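Okay, thanks for making time, everyone. Let me put the structure up, and then I'll talk you through it.

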Amino acid sequence: MPLTFRHFRNFDPPALTRLWNARALAPGVACALRVHEFDAHAWGGVNFDARGLIVAELDGQVVGFVHAGFGPDYPIPALRPFELSHEVGAIVQLVVRPDLAETNLASELIQRGERYLRARGARVIYAGSLFPLNPFYWGVAGGSEGSGVTTQERAFARALAELGYEPVSTAILLEADLDRPEPRDPRAAVIRRQARVDFVDDSAPADWWEGVALGDFQVMRALLVSKSTGAIIGSAETWDMGWFSRRDDRARVGLIKLEVVPSERRKGHGRFLVAEMFRRLRENQIQIVAAQTASTNLPALGLYASLGFEPIDQSTLYRLPAEKLDRTIPGEP
Ligand SMILES: CC(C)(COP(=O)(O)OP(=O)(O)OC[C@H]1O[C@@H](n2cnc3c(N)ncnc32)[C@H](O)[C@@H]1OP(=O)(O)O)[C@@H](O)C(=O)NCCC(=O)NCCS
C-alpha cells in the first residue's frame with residue numbers, strides 16, 4: 001500500500017506520541033512523553049492549527065509527521081489577542097519512523113508543510129524552532145529554549161539539504177552539572193557587598209507566547225539588584241525541565257533570559273548572578289542546568305564556560321532561499 005498523507009485528526013495523539021517516544025534519546029528532546037502532555041502542550045494550544053500538522057500513513061500505520069506553524073505577531077501582548085504573524089513560517093518538527101529514515105518520507109512531509117505555510121501567506125520559510133518561531137514545542141524539544149534542528153535529527157537535516165534549505169545560524173546547547181562545584185570568582189565578595197539577588201518563585205510569563213510555551217512549568221526569576229540605588233543590574237529565569245529529565249533521572253532546569261544591563265557588563269555580574277542561582281537550585285535538589293546561546297555570542301559562551309557549562313549538542317536554523325519559495329510540489333494541483 002502506498003504512503004498517504006493527511007491533516008491531523010483528533011484521534012492521532014496516541015500514535016504520534018508513540019512515534020515521538022520511539023526516537024533515539026537525544027539531549028535536546030524530552031522523552032517518554034504521555035499523550036495528555038502532548039495534547040496539553042503541542043496539539044491543543046490556542047495557536048494550534050490541525051492543517052499545519054501533516055501525518056503520513058503506511059499500511060494504516062502512522063509512520064511520520066511534520067508540523068508547520070507561525071510565530072506571534074509583534075509586539076507580543078501579555079494577554080489576548082493571540083495573533084500570529086503569517087508572513088514568516090517555520091517547519092518546526094519532523095518525526096519519521098526510524099526504519100524509514102533513509103527514504104524520501106522526510107522530504108515529502110517537509111514539502112507538504114511548505115505548501116501549508118504558503119497557503120496561509122508565508123513569504124519566508126525557516127526550518128527549526130528557534131524563538132520566536134517556536135510554536136508548540138518549546139518545552140518538549142530543542143533544549144532549554146527551543147532551537148534549530150539538532151545534530152541527532154539526521155533525517156530532518158538531510159531532507160532539508162536535499163530540498164535546498166540553507167543554514168542561517170547555529171545554537172550551542174550546554175549543560176552544567178551542579179554536583180560539581182563551579183570555579184570561584186574573586187570578584188564575588190565585592191559584588192556581594194554592593195548587590196543582592198532577589199528570587200521570585202512561580203514568576204508569571206512575560207506574554208501569551210511564553211505562557212503557551214512554559215505555562216505548564218514552574219518558572220523562577222532572579223534579579224540582581226543594587227543595594228545602594230535599588231536599580232536592577234541583571235536578571236535571568238529558570239524553568240523546570242522535568243520532562244527532559246526522564247532520560248537520565250537528573251533533576252534539570254533551563255536557564256533563559258539571562259541579561260546584564262549594558263553599562264554593568266564585564267564586571268563579573270553575570271557570573272555572580274548565575275552562581276547565586278546555582279546555590280538556590282542546589283538547595284532545591286536540582287542537579288543539571290541547561291542553557292543555550294548562538295554560536296556567535298562570545299560573551300555568553302565565555303560566561304557559561306567560566307561557570308563550568310559544557311556543550312552537549314548544537315542545532316541549526318535553516319531558511320528556504322526566496323527563489324525556491326514558490327516551487328511546485330509533485331502531485332500538487
Ligand atoms: C552574556 C552576559 C549576560 C554576560 O554578563 P557579564 O556580567 O558581562 O559577564 P561577566 O562580567 O560575569 O563575565 C564572566 C565571564 O564571561 C566571559 N565574558 C563576558 N563578557 C565577555 C565579552 N564581552 N567577551 C568575551 N568574554 C566575555 C568572560 O570569560 C568573563 O570572565 P572574565 O571577566 O574573568 O574574563 C552579557 O554580556 C549580556 O547581558 N549580554 C546580552 C544578553 C545575552 O546575550 N544573554 C545571553 C543569552 S543566552
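So, the domain assignment splits this protein into two: domain 1 takes in 4-172 plus 316-324, and domain 2 is 176-312. Keep in mind that what you're looking at is a predicted model. If you take the C-alpha centres of domain 1 and domain 2, they sit 28 Å apart.

Now, how do the two domains meet? On the domain 1 side, 42 residues are in contact with domain 2, and on the domain 2 side the number is 28. Together, domain 1 and domain 2 bury about 2800 Å² between them, and 65% of that is on carbon and sulfur atoms. If you want three names to remember here, go for Trp-138, Ser-144 and Ile-172: they supply 25% of the area that domain 1 buries against domain 2, more than any other three residues.

What about polar links across that interface? There are 8 residue pairs in polar contact between domain 1 and domain 2, counting pairs with both residues at pLDDT 80 or more. Which elements of domain 1 do the touching? Among the contributors, helix α2 (35-41) and strands β3 (61-72) and β7 (166-177) each give at least two residues to the side that touches domain 2. And if you sort that side of domain 1 by class, you get 26 nonpolar, 12 polar and 4 charged residues.

Then the salt bridges. The count for the model comes to 31, and between domain 1 and domain 2 the count is 1. Which residues make a salt bridge at 2.8 Å, N to O? Glu-37 and Arg-246, through their side chains. Glu-37 is in helix α2, while Arg-246 is in the loop between β10 and β11, so this pair ties together parts that are 209 residues apart in sequence.

Okay, that loop brings us to the strands. β10 is residues 232-240, β11 is residues 252-260, and they pair in the antiparallel sense over 6 bridges. To find the pairing on screen, look for Ser-235, whose bridge partner in β11 is Glu-259. On from there, β11 is joined by 3 bridges to β12, residues 288-294, and here the strands run parallel. Val-253 is a good place to look, with Val-289 as its bridge partner in β12.

From β12 we can step across to β7, because it's another pairing partner: β7 and β12 pair in the antiparallel sense, over 7 bridges. In that pairing, Leu-174 has Ala-291 of β12 as its bridge partner. Move along to the residue before it in name, Leu-173, and you find its bridge partner Asp-313 in β13. That belongs to the pairing of β7 with β13, residues 310-319, where 9 bridges join the two and they run antiparallel.

One last stop, and that's Glu-57. Where does Glu-57 lie? In strand β2, residues 53-58. Its side chain makes a polar contact of 3.2 Å with the side chain of Arg-6. Setting aside neighbours within four places in sequence, Glu-57 is in contact with Pro-2, Leu-3, Thr-4, Arg-6, Val-62 and Val-63.

If you zoom in on one spot afterwards, I'd pick the Glu-37 and Arg-246 salt bridge. That's me done, thanks.

Terms used
Residues numbered from 1 in each chain as written. Predicted model: local features only at pLDDT ≥ 70, side-chain atom pairs only at ≥ 80, totals over all residues. Heavy atoms only, no water. Domains from an automatic or database assignment. Contact = heavy atoms within 4.5 Å. Buried area = accessible area lost by both parts, 1.4 Å probe. Salt bridge = Lys/Arg side-chain N within 4 Å of Asp/Glu carboxyl O. Polar contact = N/O pair within 3.5 Å; in protein donor to acceptor, adjacent residues only side chain to side chain. Helix = DSSP H or I, 4+ residues; strand = E, 2+ residues; numbered from the N terminus. Nonpolar A, V, L, I, M, F, W, Y, C, P; charged D, E, K, R; others polar.
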